[in-house]
Amino acid sequence: MAAPPSIAPETYWVGVNDHETDLFEALWPLPYGVSYNAYLVVDHKVALIDAVKGHFLADHLHRIRQVLPPGKSVDYLIINHMEPDHTGAIQILRSVFPDMTLVGNKKTLEMLEAFYGACPPCRQVGDGDVLDLGAHKLQFSLTPMVHWPETMMTFDATTGVLFSGDAFGGFGTVDQGLFDDEIDRELMHGEMLRYFTNIVARYGKMVLKAVDKLRDVPFRVVAPTHGAVWRKDPSLPVRLYERWSAQETDPTVVVAYGSMYGNTYRLAEAAARALTERGFTPFVHDVARTHASFVIADIWTSKGLILACPTYNTGLFPPMETLLAFLENKLLQHRLLGLITSYAWAGGARKALESFAERMSLEVVEPIVDVKGAGTADDLERCALLAANLAQRLSA
Ligand SMILES: Cc1cc2nc3c(=O)[nH]c(=O)nc-3n(C[C@H](O)[C@H](O)[C@H](O)COP(=O)(O)O)c2cc1C
Ligand SMILES: [Fe+2]
Ligand SMILES: [Fe+2]
């Protein structure tokens, strides 16, 4: 195995790349895999910062051994985040390094016990506390709910590395390149947006608090638990997470449609075409065929959203219902909605979409188009009118 890359003096990446898990959290597709990043600071005392998912212990341990100087062991395991993708390996790690002290805040230590049983030796740390390793001083900053209640960040003032936990992370393995200056920027950006929207988006307000707390921290490297390590442009992931957390959008539109027999599709197509003619070429997604993971990512950066859905057993076509449940769970805000629905007898989809808009306090752009059967030329015209009105709002 190649020598673990150094991300700063005496600081090594000892994480793992996962190409085997097909769905993160058993929900989100991983076409480019995912990494569980862990780091080892080798000083008078040795600290491991975060661990990995249980199945990947062998590679993790091998990397740790590659950089551990002879006669040294791991003295501390700093747990920035308790989620099992970073702690699954703890029990076996402890049997390998029996004197290793587990370091976490009050909530971490409570959770540790709930997941892995009694945890001594362990050390409770609070906001601002410092762990002295020798030359390296590790400072802890509590950032609750930047994914779970116990999440915190660790800053090494000696090297300027910020170990940020899930914050500023992305999907995609790091075997083609670990650092932001080594990997495909566009791919990384897309996989980061997907990670943010799929995993962290609900906690945007807490991310903004964490970002505020970082204002006076002189970090030079950002080392998250997933995805690239940022050494060339360490403020970029912070700016991106800030923008996404604040739900700042571009003047773009997503047309998300479901269609069993093509009737609703033709209505969605008319709206999409009219948008393109006005310079707002939309992202068009078939909600039954494109996984919500990707649709949500496009929706997150777009101000406009047209939902086109047939009535299905008095309600919404189920894949649309799933998408909307995710958007509601992620607390989507500040979007302009266009609604297109279809039915054959009593309808129902229109009412369900209107109720979604109302629950989420999202503005609906006129006209709402509700079509019986295949739709007439006039119905297609109304879809184009809706698109024109939306384009006008986006240009304003
Ligand atoms: C399984 C199924 C269930 C449906 N349930 C309803 C319903 O409860 N109420 C209604 O008015 N139309 C219902 N419809 C009719 C569709 O909403 C209508 O045919 C619509 O045009 C389908 O659009 P599509 O061609 O885009 O799939 C149902 C259709 C199917 C196939
Ligand atoms: Fe997490
Ligand atoms: Fe994670």
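**Notebook: two iron ions and a ligand shell**

I began with two residues of this predicted model: Asp166 is buried, and His226 is buried as well.

**Entry 1. The iron ion (ligand 3)**

I looked up which protein atoms hold the iron ion (ligand 3). Its protein donors are Asp85 (OD), His86 (NE2), Asp166 (OD) and His226 (NE2), at 2.1 to 2.4 Å from the ion. I then checked the geometry. The 4 donor atoms subtend angles of 86 to 174 degrees around the iron ion (ligand 3), and the arrangement is therefore irregular. For comparison I noted that ideal angles at a metal are 109.5 degrees for four tetrahedral donors.

I read the spacing of the donor residues of the iron ion (ligand 3) along the sequence as D-H-x79-D-x59-H. Asp166 sits in the loop between β15 (161-165) and α5 (185-200), and His226 in the loop between β16 (221-224) and α7 (235-245), so this pair ties together parts that are 60 residues apart in sequence.

**Entry 2. The iron ion (ligand 2)**

I asked which residue coordinates both the iron ion (ligand 2) and the iron ion (ligand 3). I found that Asp166 does so, and that the two ions are 3.4 Å apart.

For the iron ion (ligand 2), I listed the protein donors as His81 (NE2), Glu83 (OE), His147 (ND1) and Asp166 (OD), lying 1.9 to 2.3 Å from the ion. I recorded angles of 84 to 168 degrees between the 4 donor atoms around the iron ion (ligand 2), which makes this arrangement irregular. The donor residues of the iron ion (ligand 2) follow the spacing H-x1-E-x63-H-x18-D in sequence.

I placed His147 in the loop between β13 (137-142) and β14 (152-156) and Asp166 in the loop between β15 and α5, so the pair ties together parts that are 19 residues apart in sequence. His147 is buried, as is Asp166.

**Entry 3. Thr154**

I turned next to strand β14, in which Thr154 is found. I asked whether Thr154 counts as buried or exposed. Its relative accessibility is 0%, so Thr154 counts as buried. I also found a polar contact of 2.7 Å between the side chain of Thr154 and the side chain of Asn80.

**Entry 4. Ligand 1**

I examined the surroundings of ligand 1 and noted that 18 residues surround it, the closest being Ser259, Met260, Thr264, Thr311 and Thr314. By class, I recorded 8 nonpolar and 10 polar residues in the shell around ligand 1, and no charged ones.

I asked which elements each supply at least two residues of this shell. They are α8 (263-277), β19 (302-312) and β21 (336-343). The most comes from β19, which gives 3 residues to the shell around ligand 1.

I then looked at individual atom pairs. An N or O atom in the side chain of Thr264 is 2.6 Å from an oxygen atom of ligand 1. Two backbone approaches followed in my list: a backbone N or O atom of Trp345 lies 2.9 Å from an oxygen atom of ligand 1, and a backbone N or O atom of Gly347 lies 2.8 Å from an oxygen atom of ligand 1. On its own, ligand 1 has 640 Å² of accessible area, and the protein covers 85% of that area.

**Entry 5. The whole protein**

I closed with the overall figures. I noted 12 helices and 23 strands in the protein. The C-alpha trace spans about 80 × 40 × 35 Å along its principal axes. Of the 396 residues of the protein, 56% count as buried.

Methods. Residues are numbered from 1 along each chain as its sequence is written. Chains are lettered from A and ligands numbered from 1 in the order in which they are written. This is a predicted model: local features need pLDDT of at least 70, side-chain atom pairs count only at pLDDT 80 or more; totals for chains, interfaces and linings use all residues. Side-chain values use heavy atoms; hydrogens and water are left out. A residue is near a molecule or strand if one of its heavy atoms lies within 4 Å of it. A polar contact is a pair of N or O atoms within 3.5 Å; within protein, one must be able to donate a hydrogen and the other to accept it, and residues adjacent in sequence count only if both atoms are side-chain atoms. Accessible areas come from the Shrake-Rupley method with a 1.4 Å probe; for residues, only the protein chains shown count as cover. Helices (H or I, at least four residues) and strands (E, at least two) are DSSP runs, numbered from the N terminus. Ala, Val, Leu, Ile, Met, Phe, Trp, Tyr, Cys and Pro count as nonpolar, Asp, Glu, Lys and Arg as charged, and the others, Gly among them, as polar. Donors are N, O and S atoms within 2.8 Å of the metal (3.2 Å for Na, K and Ca); water is not among the atoms, so sites may look incomplete. Four donors count as tetrahedral if all angles lie between 85 and 135 degrees; four count as square planar and six as octahedral if opposite donors are over 155 degrees apart and all others between 65 and 115; anything else is irregular. Buried means under 20% relative accessible area, exposed over 50%, partly exposed in between (1.4 Å probe, protein chains only).
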